[in-house]
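User: Hey, I've got a two-chain model open and I'm a bit lost. Can we go through it together?
Analyst: Sure, put it up and ask away.

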Amino acid sequence: MPILEARSLTKTFRRPDKTSGFKGAVKHLVQRKYKNYTAVDGIDLSIEPGESVAYVGPNGAGKSTTVKLLTGILRPSEGTVRVMGRDPHTERIANAHDIGVLFGQRTQLWWDLPVEESLKLLKHMYGVSDADYKARIARFDELLDLGEFMPALARTLSLGQRMRADLACALIHAPKMVYLDEPTIGLDISVKDRLRAFLRELVDGGTTLLLTSHDLADIEEVCERIVVIDKGAVAYDGPIQQLKAHYITTKAVNLFLEGPADVDELKLKFPQYEWAAGEAPSEVTVTYESRHFTAAEVLGGLTAELAPRDLSLSEPSIEDVIRRLYAGELTK
Amino acid sequence: MTSAFAVDRAFAAIAFKRRLAYKAQWVVALVLGGGAMLVSMAMWRELLAGGALSGYDWDSMRAYIIIGFVTATVVFGAADWQVADRILDGHIAVDLTKPVDFQRARAAEYIGSMVSTVPTVLVGVLGAWLLFDPPGPATPLAGLLTAVSFVLVFPLAFGLTYLTVLVCFWTKRYLGVMWLREALLGFFSGMVIPLAFMPSWLQAVAWALPFPHFTTTPAAIYLGRVDTAGALGLLAAEAAWTLGLWFGARIVFNHAVKKVTVHGG
């Protein structure tokens, strides 16, 4: 049975329809006009317990609005949501006991108090026992180095510390379903790595996770399934590996030769591959169809013939695929 | 398992601690509130030099002004902006993901912030008592009922403030709403001028509103301007307004929450 199920989920907002300039402002004052804007357009989504799902899309695609619908903050204009069998909007308080939410751009820490005070208030809110609280704080400290800034005022934290503290706030009650909206936004690479490792461990422990992020490394390292939305509707829903296997059919090898590379000659010698000159005269990139050739075949043949000084293999990335999905070049 | 009141206490304690973080506020509140009290004392001393006006003599007015200082410090010193900001900056999105009743949590926070004004009140009242030596309550029972009226001011002030803060869901601004509420509160509570000095029709308007319970009710009970039955009637009206505003705010919130439109992350 799915832990989360959304059917034909739709959210329409009313926006003021103003023309620019002074005249437009005066006109709107006298004769108000509004336009309906559909942020989420008939989304179907079903998540099984223990799944880790990346929910991605370009800016304004409706990701955050969907998260707000799924967490009960917003009431759907149409459609239904059930989280653990409950309507998250009408049964908001009961639902909130079982979910953890992090909005990367909004802190849940009390700004002018030490981090510890915020966590203690949340302990009371969720009815976490003293023993569980201590054990979880110790765990967060181990994985997120929480202890170093527990006594610090929230407003004095760096962005990375704030995000780690917010993550602890979202998870202090060991929720079954966790929504993370842009959890790594603005963080440096080392903090991102730690957060990803932490999330991976969370998922391995059986927590169900819905993650929105613009950082594709978050998605690849933490999630198994990806839902791509664009203009409020689902553009792709399936395993990340399947997305890669289905849409990423080529791989590339960068070769650094001893002398200048003659691309035309290489094209004649290896017509089964695509060739392109690299940035340096001795650099050349060869692209091959991964469905027809294995990396071992390609590398074996090329190294035997060309004896390159160095080489690198480009791993398949979902970034291009998602970019192409956003651009409408690919379909489900 | 944590009791429901433990959560309320935790919210109130957080709000109190937040006020502790800004110690200068206490000094400023004492200087402004104490200054306003001194100006009032000087003005009424001159006005009442020739004898009683509208039933107030200099003795009773000294006590009245101190009661006005107490309610004004508690009510105007509370953290109404913190509630308004949650709605205006979209922080309500985070609040709605928590397993607590939004109104009750805000009430606990608000009352916690009101409690943080008590030291200012105590210092101000002590100073005023030493300087002006006001009369005590008309009777010990009047003193007790005045204390009940003061206690009811806390939830009543929350109800009034919260209901006006919820208007932000529609106005998207708070400043004007706050000014209007504070102007009406200052005028119709009797904080600025006792209601007895107003024409009878204006007094009738005031008593049809919750505002007089912020100064006129505790002052009338304290000074013995109403008998015990009258005092109990005023307290019943104060309690009724408290409940009415509480449940009225619930209805408004249930409509308002449908208007939550927190865009972006």
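User: Which way does the crossing of H3(B) and H8(B) go, left-handed or right-handed?
Analyst: That crossing is right-handed. Keep in mind that we're looking at a predicted model.

User: OK, and which residues make the contact there?
Analyst: From H3(B) you have B:Val70, B:Thr71, B:Val74 and B:Val75. H8(B) brings B:Phe150, B:Val153 and B:Ala157. Sorted by class, the contact has 6 nonpolar residues, 1 polar one and no charged ones.

User: How do people describe two packed helices anyway?
Analyst: You give the angle between their axes and the distance between those axes.

User: So what's the angle for H3(B) and H8(B)?
Analyst: Roughly 30 degrees, with the axes coming within 10 Å. H3(B) covers residues 58-76 and H8(B) covers residues 140-165. Angles under 35 degrees count as roughly parallel, and therefore H3(B) and H8(B) get that label.

User: What about H12(B) and H13(B), at what angle do they cross?
Analyst: The axes of H12(B), residues 216-223, and H13(B), residues 228-256, cross at roughly 160 degrees and come within 10 Å. That makes the two helices roughly antiparallel. The crossing is left-handed.

User: And who's touching whom?
Analyst: B:Thr217, B:Ala220 and B:Ile221 of H12(B) meet B:Ala231, B:Leu234 and B:Glu238 of H13(B). By class, that contact holds 4 nonpolar, 1 polar and 1 charged residues.

User: Does a record list anything for chain B, and where?
Analyst: UniProt, in an unreviewed entry, lists "transmembrane region" for several stretches of chain B, including residues 64-83 and 229-249.

User: What do those two stretches look like in the model, helix or strand?
Analyst: Residues 64-83 of chain B are 85% helix and 0% strand, with the end C-alpha atoms 31 Å apart. For residues 229-249 of chain B, the chain is 100% helix and 0% strand, and the end C-alpha atoms are 30 Å apart.

User: Switching to where the chains meet: how many residues are in contact?
Analyst: 30 residues of chain A are in contact with 25 residues of chain B. On the chain A side, helix H2 (63-70), helix H3 (92-98), strand S5 (99-103) and helix H4 (115-126) each give two or more residues. H4(A) has the largest share, with 5 residues.

User: What kinds of residues are on that chain A side?
Analyst: They divide into 13 nonpolar, 9 polar and 8 charged.

User: Now sheets. What holds strands together?
Analyst: Strands of a sheet pair through backbone hydrogen bonds, either parallel or antiparallel.

User: What's the strand order in the open sheet of chain A with 3 strands?
Analyst: S2-S1-S4, with antiparallel pairing. S2(A), residues 34-47, and S4(A), residues 78-83, are at the edges with a single partner strand each, so one side of each has no neighbour in the sheet. On average, neighbouring strands are turned by 30 degrees against each other, ignoring direction.

User: How many bridges join S1(A) to S4(A)?
Analyst: 5 bridges, and the two strands run antiparallel. One residue to look for is A:Glu5, whose bridge partner in S4(A) is A:Arg82.

User: Which strands pair with S10(A)?
Analyst: S10(A), residues 250-256, pairs with S12(A), residues 283-289, over 7 bridges in the antiparallel sense. There, A:Leu255 stands opposite A:Val284. S10(A) also pairs antiparallel with S13(A), residues 310-314, over 5 bridges, and A:Phe256 stands opposite A:Asp310 of S13(A).

Terms used:
Residues are numbered from 1 along each chain as its sequence is written. Chains are lettered from A and ligands numbered from 1 in the order in which they are written. This is a predicted model: local features need pLDDT of at least 70, side-chain atom pairs count only at pLDDT 80 or more; totals for chains, interfaces and linings use all residues. UniProt positions are given in the numbering used here, feature names are shortened, and annotations may be inferred rather than shown by experiment. Helices (H or I, at least four residues) and strands (E, at least two) are DSSP runs, numbered from the N terminus. Two residues are in contact if their C-beta atoms, placed from the backbone, lie within 7 Å. Ala, Val, Leu, Ile, Met, Phe, Trp, Tyr, Cys and Pro count as nonpolar, Asp, Glu, Lys and Arg as charged, and the others, Gly among them, as polar. Two strands pair if DSSP finds at least two bridges between them. Axes are lines fitted to C-alpha atoms, for helices over the stretch in contact, and angles run from 0 to 180 degrees between N-to-C directions. Angles under 35 degrees count as roughly parallel, over 145 as roughly antiparallel, 65 to 115 as roughly perpendicular and the rest as oblique. A crossing is left-handed if the near helix is turned anticlockwise from the far one by less than a right angle, and right-handed if clockwise.
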